[in-house]
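Let's take a friendly walk through this protein, from its overall make-up to its interior and a few points of backbone geometry.

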Amino acid sequence: MPASAQRKLLSGCCLSEKGHHISVPSPDSSHKGQRSKRTQPSDPGAVEELPRQGSQKHKGPEFSFDLLPEARAIRVSVPPGHEVSVRLCHQWALECEDLSSPFDVKKIVSWGRTADLPYEFLLPCLCIEASYLQEDTVRRKKCPFQSWPEAYGSDFWKSVHFTDHSQHSQMVMALTLRCPLKLEASLCQKQGWHTLCEDLPNATAQESDGWYVLEKVDLHPHFCFKFSFRNSSHVECPHQTAPSWNVSMDTQAQQLILHFFTRMHATFSAAWSPPGLGQDSWAPPVYSISQTQGSSSVTLDLIIPFLRPGGCVLVWRSDVRFAWKHLLCPDVSHRRLGLLVLALLALTTLLGIVLVLTCRRLLSGRVTGPGRARPVLLLHAADSDAQRRLVGALAELLRIALGGGRDVIVDLWEGTRVARVGPLPWLWAARARVVRERGTVLLLWSRAGPRPAPLRALLRAAPRPLLLLAYFSRLGVQGDIPPSLRALPRYRLLRDLPRLLRALDAGPSIHEAGWGRLSPPPCLRGRLELCRRLELEAATLAH
């Protein structure tokens, strides 16, 4: 790019006065196109042909202009006389530079006509220059926008070209201007992408040849330059969008783990920021960690203890003057939720155990499976057919009276054949089911009861809380019961049958019938009559 296009800020320079004379040694010295030049006239008569020699010679042609903001153009008109060449230019210290293409145009204006000169930006250094068509003429120039506030607005900042050269801990911005103005620059900070940029104290950038430099800055997209001139300002942020480092966090037990990711030498610090102290305030102690392993990507872990719930952690780079502070608030709700879940699980487990135990107790006490209820083991010592028929009728009576599918198991507790094989070995096997299903052992006593050895084996095998004793009044009397059995609940049949059924937990139909105060239920009358008749028959044969 030619040197004139690379001009930056020129300290102490100001716009030229009206009617300033430009002298260019060569027409090829400008990159914007051929410039007008002023030389001594070779023909004195040529000057005499210009109107109003003398005064007009030194002032240049007269012209007037109108600004057309909507069309972004300046309309130039001239009084009666010779034709005039007009153009727009940017006034620098020694010359008025052409505008960039396609705005670097020259137009010929004659009396009674106007020429519209388009401009790209309305700038304070924008000037209108007019000259006669002859070479050796004086140019007239007007720079009217120096005092216009509009010239320092958005157009001015759009005309500036910003180049970001920031790296490491140095924030650098180079400017290319179209007007010789000296700008001021300082550092400002944004809290978000679409928020205002707040000025930071003691953060003025140093300028040299259009380069603005600020040392020891934590490069971050929210750290920006604020350029200002008079009452106008513009914020320009670094063109790189990724920060030079970032941090994430994890919680573990009563500790907070900060993971730093960086590719540069840096020192990072963290401290707790209790609620109410402000976003950039923290409370001691301050925890720090440094990266000194070169330019490769490094992950650093900083572990800090929890102070109290509800606080946030302020994290920043502590080896620079201006650092972007990250506010991280650990989400400990999941820890509380975890404790709550554990408590609920423990409570659910406890309730489950209680329910299982309750159900097992209920099932073992009532029903042990579909269609199965607590069994009744009816043990007898009947050796005659009459007594066995009586025992069978009693078992059928009990099945009907108990209801609910209750099993009544009938077996001998001693007989001639059983006595030969040992003291009731089958009862030990039956005991397992009686205990498991919480059944009841009902001993049917008669005068032909067991001898002492089998009786002791029976008492050891049968569960005592579930052992009952019953006897028919015609087949035995209460005085015939051995002393070892007198501690058991005793029932005289058939007189105490309602009380026996209640002890065996008979069905609700028996209780609802109110047997014991009135006559027996109709469903049991036939069975009762059969048992009375068989009892009488067995007693007659026994005597």
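The report below goes from the whole chain to the cores, then to a cavity, and ends with the backbone.

This is a predicted model, in which local features need pLDDT of at least 70 and side-chain atom pairs count only at pLDDT 80 or more, while totals for chains, interfaces and linings use all residues. Residues are numbered from 1 along each chain as its sequence is written, and side-chain values use heavy atoms, with hydrogens and water left out.

**Overall make-up**

The protein has 543 residues, and 44% of them are buried (buried is under 20% relative accessible area, exposed is over 50%, and partly exposed is in between, with a 1.4 Å probe and protein chains only). Its secondary structure comes to 11 helices and 30 strands; these are DSSP runs numbered from the N terminus, with helices being H or I of at least four residues and strands being E of at least two. Among contacts with a separation of 6 or more, 67% are between residues 24 or more positions apart, where contact means heavy atoms within 4.5 Å. The protein exposes about 29400 Å², and carbon and sulfur atoms supply 54% of that area (Shrake-Rupley method with a 1.4 Å probe; for residues, only the protein chains shown count as cover).

**Nonpolar cores**

In soluble globular proteins, nonpolar side chains tend to be buried together. Here the largest nonpolar core has 50 residues, and Ile 74 and Phe 227 have the most contacts inside it. A nonpolar core is a set of buried Ala, Val, Leu, Ile, Met, Phe, Trp, Tyr and Cys residues joined through side-chain atoms within 4.5 Å. Apart from the largest core lies another, of 33 residues, including Val 391, Ala 395, Ala 401 and Ala 470.

Which residues does Ile 74 contact, leaving aside neighbours within four places in sequence? Among them are Phe 65, Leu 67, Leu 88, Ala 115, Leu 117, Tyr 119 and Phe 145, along with Asp 66 and Asp 116.

**The largest cavity**

A search of the whole structure finds four cavities of 30 Å³ or more. The largest cavity has a volume of about 90 Å³. On a 1 Å grid over the protein atoms alone, a cavity is a set of points where a 1.4 Å probe fits but cannot get out, and lining residues have an atom within 4 Å of a point. Points are joined across faces, edges and corners, and the volume is the space filled by probe spheres set on them.

The lining of the largest cavity includes His 380, Ala 381, Gln 387, Val 391, Leu 444, Trp 445 and Phe 472. Val 391 also appears in the core of 33 residues. Helix α5 (385-402) and strand β28 (440-445) each supply at least two lining residues, and the largest share, three residues, comes from α5. By type, the lining divides into eight nonpolar, three polar and no charged residues (Ala, Val, Leu, Ile, Met, Phe, Trp, Tyr, Cys and Pro count as nonpolar, Asp, Glu, Lys and Arg as charged, and the others, Gly among them, as polar).

Leu 444 is found in strand β28 and is buried, with a relative accessible area of 5%. The C-alpha atoms of Leu 444 and Ala 381 are separated by 7.6 Å, although these residues are 63 residues apart along the chain.

**Backbone geometry**

Most residues other than glycine have a negative phi, and most peptide bonds are trans. The table collects some exceptions.

| Site | Value | Loop |
|---|---|---|
| Ser 101 to Pro 102 | cis, omega near 10° | Pro 102: β4 (96-98) to β5 (106-109) |
| Leu 493 to Leu 494 | cis, omega near 10° | Leu 494: β30 (490-493) to α9 (497-503) |
| Arg 72 | phi near 50° | β1 (64-68) to β2 (73-77) |
| Asp 209 | phi near 55° | β13 (206-208) to β14 (211-215) |

Pro 102 counts as exposed, at 56% relative accessibility. Its C-alpha atom is separated by 9.0 Å from that of Pro 118, 16 residues apart along the chain. Asp 209 is exposed, with a relative accessible area of 58%, whereas Arg 72 is partly exposed at 31%.

Conventions:
On a 1 Å grid over the protein atoms alone, a cavity is a set of points where a 1.4 Å probe fits but cannot get out, and a pocket is an open set with protein on both sides within 12 Å along at least five of seven lines; lining residues have an atom within 4 Å of a point.
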